[in-house]
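Hi there,

Here is the structure I promised to pass on to you. Please open it alongside this message.

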Amino acid sequence: MSELIAYLPEVFELFGPVTLRKMFGGYGVYHDGLMFALVADDILYLKADAENVRYFDEQGLGQFEYHRDGKVAKLSYYQAPVEFMEEREQAAIWARRSYDAALRAQRKKRKSKTDTAKPWRDTL
């Protein structure tokens, strides 16, 4: 376990408790069972969507990407700002934004599943 992984519960203490799970050579960072951040190559990335991506763009923070089948794949996670690790208040703000983005993505995913489900019909 890297120093970063061991340090993250402390970084997020003002936001709330987090759990870390190994995945694909990195770690998923979860709050209340929902992944809102990930760690890859000892870099912390936070969940982004249309509502919060501007905060990452304003600071020129890079998007998480990896190579798959000779192509570059990008995920909706962006590198956390450097000051994030030392300023707990800022860490809580950024974590809340990313957790909210994860909640929105989860609701959107659930809605799309119900939209594609076959309608129930009364057979009587």
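Below are my notes on pockets, aromatic rings and salt bridges.

Please keep in mind that this is a predicted model.

Pockets first. The largest pocket holds about 270 Å³ of space. Its lining is made up of 14 residues, and those nearest the centre are Met23, Phe24, Leu38, Phe64 and Leu75. If you want to find the walls by element, look at strands S2 (26-31), S3 (34-40), S5 (63-68) and S6 (71-79), each of which supplies at least two lining residues. The biggest contribution to this lining comes from S3, with 4 residues. By character, the lining splits into 11 nonpolar, 2 polar and 1 charged.

The second largest pocket has a volume of about 170 Å³. You will find Leu34, Met35, Lys47, Ala102, Ala105, Gln106, Lys109 and Arg110 around it. Two or more of these lining residues come from S3 and also from helix H3 (88-116). Here H3 gives the most, with 5 residues. This lining divides into 4 nonpolar, 1 polar and 3 charged residues.

Now the rings. The structure contains 11 aromatic pairs. In one of them, the centres of phenylalanine 12 and phenylalanine 15 lie 6.3 Å apart with the planes at 65°, so this pair counts as edge-to-face. Both of these phenylalanines, 12 and 15, are buried. Another edge-to-face pair is formed by tyrosine 45 and phenylalanine 64, at 5.0 Å centre to centre and 70° between the planes. This pair links distant parts of the chain, since tyrosine 45 belongs to strand S4 (residues 43-47) and phenylalanine 64 to strand S5, 19 residues apart. Tyrosine 45 is buried at a relative accessible area of 10%, and phenylalanine 64 is buried too, at 13% relative accessibility. Phenylalanine 64 also appears above, among the residues nearest the centre of the largest pocket.

There is a ring cluster to look at as well: ring pairs link Phe12, Phe15, Phe36, Phe84 and Tyr99.

Two arginines sit over rings. The charged end of arginine 21 is over the ring of tyrosine 30, 4.0 Å from its centre. Likewise, the charged end of arginine 97 is over the ring of tyrosine 55, 3.6 Å from its centre.

Finally, the salt bridges. Across the whole structure there are 6 of them. Arginine 88 and glutamate 13 meet in one, at 3.6 Å from N to O. Arginine 88 is in helix H3 and glutamate 13 is in the loop between helix H1 (3-11) and strand S1 (19-23), so the bridge ties together parts that are 75 residues apart in sequence. Which partner is buried and which is partly exposed? Arginine 88 is buried, with a relative accessible area of 14%, whereas glutamate 13 is partly exposed at 49%. Glu10, Glu13 and Arg88 are linked in a network of salt bridges.

Glutamate 51 pairs with arginine 104 in another salt bridge, with the closest N and O atoms 3.6 Å apart. This one also links distant parts of the chain: glutamate 51 lies in the loop between S4 and helix H2 (53-58), arginine 104 in helix H3, 53 residues apart. Glutamate 51 is exposed, at a relative accessible area of 53%.

Lysine 74 and glutamate 65 form a salt bridge as well, their closest N and O atoms being 3.9 Å apart. Lysine 74 counts as exposed at 52% relative accessibility, while glutamate 65 is partly exposed at 40%.

Happy browsing, and best wishes!

How values were computed: Residues are numbered from 1 along each chain as its sequence is written. This is a predicted model: local features need pLDDT of at least 70, side-chain atom pairs count only at pLDDT 80 or more; totals for chains, interfaces and linings use all residues. Side-chain values use heavy atoms; hydrogens and water are left out. On a 1 Å grid over the protein atoms alone, a cavity is a set of points where a 1.4 Å probe fits but cannot get out, and a pocket is an open set with protein on both sides within 12 Å along at least five of seven lines; lining residues have an atom within 4 Å of a point. Grid points are joined across faces, edges and corners, and a volume is the space filled by probe spheres set on the points. Ala, Val, Leu, Ile, Met, Phe, Trp, Tyr, Cys and Pro count as nonpolar, Asp, Glu, Lys and Arg as charged, and the others, Gly among them, as polar. Rings of Phe, Tyr and Trp (its six-membered ring) pair if their centres lie within 6.5 Å; planes under 30 degrees apart count as stacked, over 60 as edge-to-face and the rest as tilted. Buried means under 20% relative accessible area, exposed over 50%, partly exposed in between (1.4 Å probe, protein chains only). A charge sits over a ring if NZ of Lys or CZ of Arg is within 6 Å of the ring centre and within 35 degrees of the ring normal. A salt bridge is a side-chain nitrogen of Lys or Arg within 4 Å of a carboxyl oxygen of Asp or Glu.
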